[in-house]
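Welcome, and thanks for opening your viewer. Keep the selection panel handy, and let us walk through this structure stop by stop.

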Amino acid sequence: MYQVICVDDEDFVLDDLQKAIDWFGFNMEIVLATTSPLDALAYMKNHPAHLLLTDISMPQMSGIELIREARQINPSVSILALSAYDTFDFVRSAMQGGAENYLLKPLDPEELSESLSLIVNHLENRSKITENFGPAMLTFRSNFVENWCKGTLSEEEFLTRASMLGVNLHLDNYTVILFATVGAASGRMPELFDALLSLFVGNYSAHFYFETPSCFVCILSSIGRSFNVFHFQNRINRLRPIITFPFFVSVGSTVDNYADVCSSYHEVRKYACLRYTPVDFVVCRNFLFPLRDQQMIEQDLGETTVEAYLAGIEAIMNRISPEKQISLELAVSNWCISLIPMGPDEELIARLVGGVVCDKQDMCGILSYLRELCCAVRLMLEEAGKSAAATHQYVKRIIEMIHDFSNKDLSLKTLASQLDMHPSYLGSIFHQQTGYYFNDYLNEARLKYAAGLMADNSIRLKDISDMAGFSSQTYFNRQFKKYFNQSPNVYRRNLRLKDQET
């Protein structure tokens, strides 16, 4: 039986609420009906509650304040707001506070019943999710989701585990999202997890695993529609006043096939250090720039001067929109952090990126911050006696073989066999020295090489796919569009148009 609390400063309204509908028919019971918001809060601190109905305008405490306080006590409680005033400010405040609906007095029993039906459906679905993430299945499911993100299971094993867990692999959108916090708030991440379960019910299909106590990863699929990152961000923004500690969200690219989830995951991992910046929500696709600009951003600070590097960054900044300048600043910051030898600790990252300038009107401030960051990283590279170019001898050999582009069967396993090393260790030192996971680097290098070949119109796209080392043109086309946000044909046509213009 779901527990319901009703709060209104008029006794007759409370009487009407109890008589308006058959509460037992909704598997609900009113456990407290009170004119005192403080009594309701005191009750919630010591008793379970699934639904709170509250008036908005009350003398002791406004309904908006009550909603906010109730959410802090129980982030998953469902809320219905009641008011005699149909004003935009009231509605907006109630919905932003987390109310699921806003009902006008005098209450319409049919409207109340409709809202309760929806809430009961959400509560039932939430119970199913809680069961799925219960202690008995948590470890197994978490391991499965982690392996799904990292692409470490064979196809047969993956499908077997997905079937055992009842995971739907036939949805039309999958987006990997990373949630993280820093510092003392890491111990409160389960609160965010619980609130997200409530938020996602009825809106998204979600699978989670915790990477660390301060960071968990989610594979999210929209139900019945494509994933809309702006709608998702609005939902997260409505959640922030309820979760009283700051948290960071990074959204990877949306893919339409379960097999491509790992590419979305590697995006959010690539930009994970941005959690230490003042920015609390990033969309990884915003960090993709045209090939020429991307190459400028990802220069080796050990092989160029800070002045030359910043001159290139400033040139990019001068030809993009102010909104895109913040994305450029974050992309450069992330790249610089990835160059630090042996990987920096949390305190160092926070110190280096904490000065990110979030004002799109302050280009001078952005450039000044980037200069300070680049100088600091360059100094660390020099003090360590190495730079990104001075990589491990094995990593150098791997990079040489990747850029040969003739071996379509190149993999970490085959390379490790040739170098007489364990694949895991080779992959670890490759990531440590380059900031890339091997498959990401291989794929990106092949795509950039293919893009360079497209300037020669005499080479067919199928031949370009082969020359770049892709096993099939279909796979090449899909990966190319994902990386450059346009198909190979469109990319080549745009190159021809630029040549004609010049």
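**Stop 1: a pair within one helix.** Select Glu157 and Arg161, whose side chains form a salt bridge with an N to O distance of 2.7 Å. This is a predicted model, so treat each distance on the tour as computed from predicted coordinates. Why do these two residues lie about one helical turn apart? Because they are 4 residues apart in helix H7, which covers residues 155–165. Now switch on a surface: Glu157 is partly exposed, at 34% relative accessible area.

**Stop 2: zoom out.** Show the whole protein chain as a cartoon and you will find 22 helices and 10 strands. The C-alpha trace spans about 80 × 55 × 45 Å along its principal axes. Of the 502 residues, 50% count as buried. If you draw a contact map, taking contacts between residues at least 6 apart in sequence, 68% of them join residues at least 24 apart.

**Stop 3: more salt bridges.** How many salt bridges does the structure hold? There are 18. Pick Glu191 and Arg188 next; their closest N and O atoms are 3.1 Å apart. Both ends are partly exposed: Glu191 has a relative accessible area of 31%, and Arg188 is at 31% relative accessibility.

Then go to Asp260 and Arg478, a salt bridge with 3.4 Å from N to O. This pair links distant parts of the chain, 218 residues apart. Asp260 sits in the loop between strand S9 (248–255) and helix H10 (261–270), while Arg478 belongs to helix H21 (residues 473–484). Is Asp260 buried or exposed? At 8% relative accessibility, Asp260 counts as buried, whereas Arg478 is partly exposed at 38%.

To end this stop, select Lys270, Glu298, Glu444 and Lys448 together, and you will see a network of salt bridges linking them.

**Stop 4: two helices packing.** Colour helix H16 (residues 393–402) and helix H19 (residues 438–453). Two packed helices can be described by the angle between their axes and by the distance between those axes. Here the angle is about 35 degrees and the axes are 10 Å apart. The crossing of H16 past H19 is right-handed. Which residues meet across this contact? From H16 come Ile398, Ile399 and Ile402, and from H19 come Phe438, Tyr441, Leu442 and Ala445. Sorted by class, that contact has 7 nonpolar residues, no polar ones and no charged ones.

**Stop 5: the nonpolar cores.** The largest nonpolar core has 89 residues, and Trp148 and Tyr309 touch the most other members of it. Centre on Tyr309 and set aside its neighbours within four places in sequence: the contacts that remain are Met296, Ile297, Gln299, Leu301, Thr304, Val332, Trp335 and Cys374. Apart from this core lies another one, of 30 residues, including Met189, Leu220, Phe227 and Ile236.

**Stop 6: a buried serine.** Finish at Ser333, which you will find in helix H13 (residues 322–339). Ser333 counts as buried because its relative accessibility is 0%. Show what surrounds Ser333, leaving out residues up to four places away in sequence, and you get Val353, Val356, Tyr369, Leu370 and Leu373.

Notes:
Residues are numbered from 1 along each chain as its sequence is written. This is a predicted model: local features need pLDDT of at least 70, side-chain atom pairs count only at pLDDT 80 or more; totals for chains, interfaces and linings use all residues. Side-chain values use heavy atoms; hydrogens and water are left out. A nonpolar core is a set of buried Ala, Val, Leu, Ile, Met, Phe, Trp, Tyr and Cys residues joined through side-chain atoms within 4.5 Å. Buried means under 20% relative accessible area, exposed over 50%, partly exposed in between (1.4 Å probe, protein chains only). Contact means heavy atoms within 4.5 Å. Axes are lines fitted to C-alpha atoms, for helices over the stretch in contact, and angles run from 0 to 180 degrees between N-to-C directions. A crossing is left-handed if the near helix is turned anticlockwise from the far one by less than a right angle, and right-handed if clockwise. Ala, Val, Leu, Ile, Met, Phe, Trp, Tyr, Cys and Pro count as nonpolar, Asp, Glu, Lys and Arg as charged, and the others, Gly among them, as polar. A salt bridge is a side-chain nitrogen of Lys or Arg within 4 Å of a carboxyl oxygen of Asp or Glu.
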